[in-house]
Amino acid sequence: ERPNWAGGGDIGGEAMAFADFLPIAMKAGSGENADLNVLVELAVCILDSTAGHVEVYLGSKYKELQDQEARERNMVLLWYTPGHYQCLVHNDEPGTKIMMAYETFKELLSTHGVQYIETYE
């Protein structure tokens, strides 16, 4: 989708890598392979420790998920520090996934005055 990237140099040098790649990867696409893209059903929330906000990348089919459990299972929380990403999990021995749908997480952000930026591209 971005042929000018093939030669290199056009991807934001100091920009966080997800900003360049996630929106493209999370689109449904078309053709016979469109249903193979599992990323279209994800909500990826990146808590940016340097900027103090949350960047949200919503897959093109996340909001179509009817099942609450599927929406909870398909939300990913990542913590960003310069040069490093960590998946946020419960503080229990197996490090279990935080089961929360994006709608609930969004309410928490609003309640606590945390700025968030949603990207649907």
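**Entry 1. Overall picture**

I began with the contacts of the protein chain: among those between residues at least 6 apart in sequence, 56% join residues at least 24 apart. I note here that the model is a predicted one. I then looked up the secondary structure, which comes to 3 helices and 5 strands. From the N terminus on, I read the order of elements as α-β-β-α-β-β-α-β. I also looked up burial, and of the 121 residues of the protein chain, 31% count as buried.

**Entry 2. The sheet**

I asked in what order the strands lie in the sheet. The 5 strands form an open sheet in the order S4-S3-S1-S2-S5, with mixed pairing. Strand S4 (84-87) and strand S5 (116-119) are the edge strands, and each pairs on one side only. I recorded the angle between neighbouring strands of this sheet as 25 degrees on average, direction ignored.

Next I looked at how S2 meets S5. These strands run parallel and are joined by 4 bridges. For Val-54 I found the bridge partner Tyr-116 in S5. Helix H3 packs on the sheet, where H3 touches S1, S2, S3 and S5. The direction of H3 makes about 150 degrees with that of S5.

At the other edge I looked up S3 and S4, which pair in the antiparallel sense over 4 bridges. As a general note, strands of a sheet pair through backbone hydrogen bonds, either parallel or antiparallel.

**Entry 3. The hairpin and its tyrosines**

I examined the hairpin of S3 and S4 and found 2 residues between the strands. In this hairpin, Gly-83 takes a positive phi near 80 degrees. Tyr-80 has Tyr-85 of S4 as its bridge partner.

I then searched for aromatic pairs, and the count comes to 1. Tyr-80 and Tyr-85 form a pair of the tilted kind, with 5.0 Å centre to centre and 45 degrees between the planes. Is Tyr-80 buried or exposed? Tyr-80 counts as buried because its relative accessibility is 11%, under the 20% cut-off. Tyr-85 has a relative accessible area of 32%, so I entered Tyr-85 as partly exposed.

**Entry 4. The nonpolar cores**

I asked which residues touch the most other members of the largest nonpolar core. Of its 16 residues, they are Cys-45, Val-54, Tyr-62, Met-75, Tyr-102 and Phe-105. At least two residues of this core come from each of strand S1 (43-48), S2, strand S3 (75-81) and helix H3 (102-111). A second, separate core has 6 residues, including Leu-42, Val-44, Ile-46 and Leu-78. In general, nonpolar side chains in soluble globular proteins tend to be buried together.

I followed Cys-45 further. Leaving aside its neighbours within four places in sequence, Cys-45 is in contact with Val-54, Glu-55, Val-56, Met-75, Val-76, Leu-77, Leu-78, Tyr-102 and Phe-105.

**Entry 5. His-53**

I located His-53 in strand S2 (residues 53-58). With a relative accessible area of 13%, which is under 20%, His-53 is therefore buried. I looked up its side chain and found a polar contact with the side chain of Glu-55, at 3.3 Å. Not counting residues up to four places away in sequence, His-53 touches Ile-46, Leu-47, Asp-48, Gln-115 and Ile-117.

**Entry 6. Arg-71**

I placed Arg-71 in helix H2 (residues 68-73). Why does Arg-71 count as buried? Arg-71 is buried because its relative accessible area is 15%, under the 20% limit. Apart from neighbours within four places in sequence, its contacts are Tyr-62, Leu-65, Gln-66, Met-100, Ala-101 and Glu-103. I also looked up its separation from Leu-42: Arg-71 and Leu-42 are 29 residues apart in sequence and 8.0 Å apart in space, C-alpha to C-alpha.

**Entry 7. Thr-104**

I turned last to Thr-104, which is found in helix H3. Its relative accessible area is 35%, so Thr-104 is partly exposed. From C-alpha to C-alpha, Thr-104 and Glu-72 are 9.2 Å apart in space, and they are 32 residues apart in sequence.

Notes. Residues numbered from 1 in each chain as written. Predicted model: local features only at pLDDT ≥ 70, side-chain atom pairs only at ≥ 80, totals over all residues. Heavy atoms only, no water. Buried < 20%, exposed > 50% of the residue type's maximum accessible area, 1.4 Å probe, protein only. Polar contact = N/O pair within 3.5 Å; in protein donor to acceptor, adjacent residues only side chain to side chain. Contact = heavy atoms within 4.5 Å. Core = buried A, V, L, I, M, F, W, Y, C linked by side-chain atoms within 4.5 Å. Pairing = 2+ DSSP bridges. Axes fitted to C-alpha atoms, helices over the stretch in contact; angles between N-to-C directions. Phe/Tyr/Trp six-rings, centres within 6.5 Å; stacked < 30°, edge-to-face > 60°.
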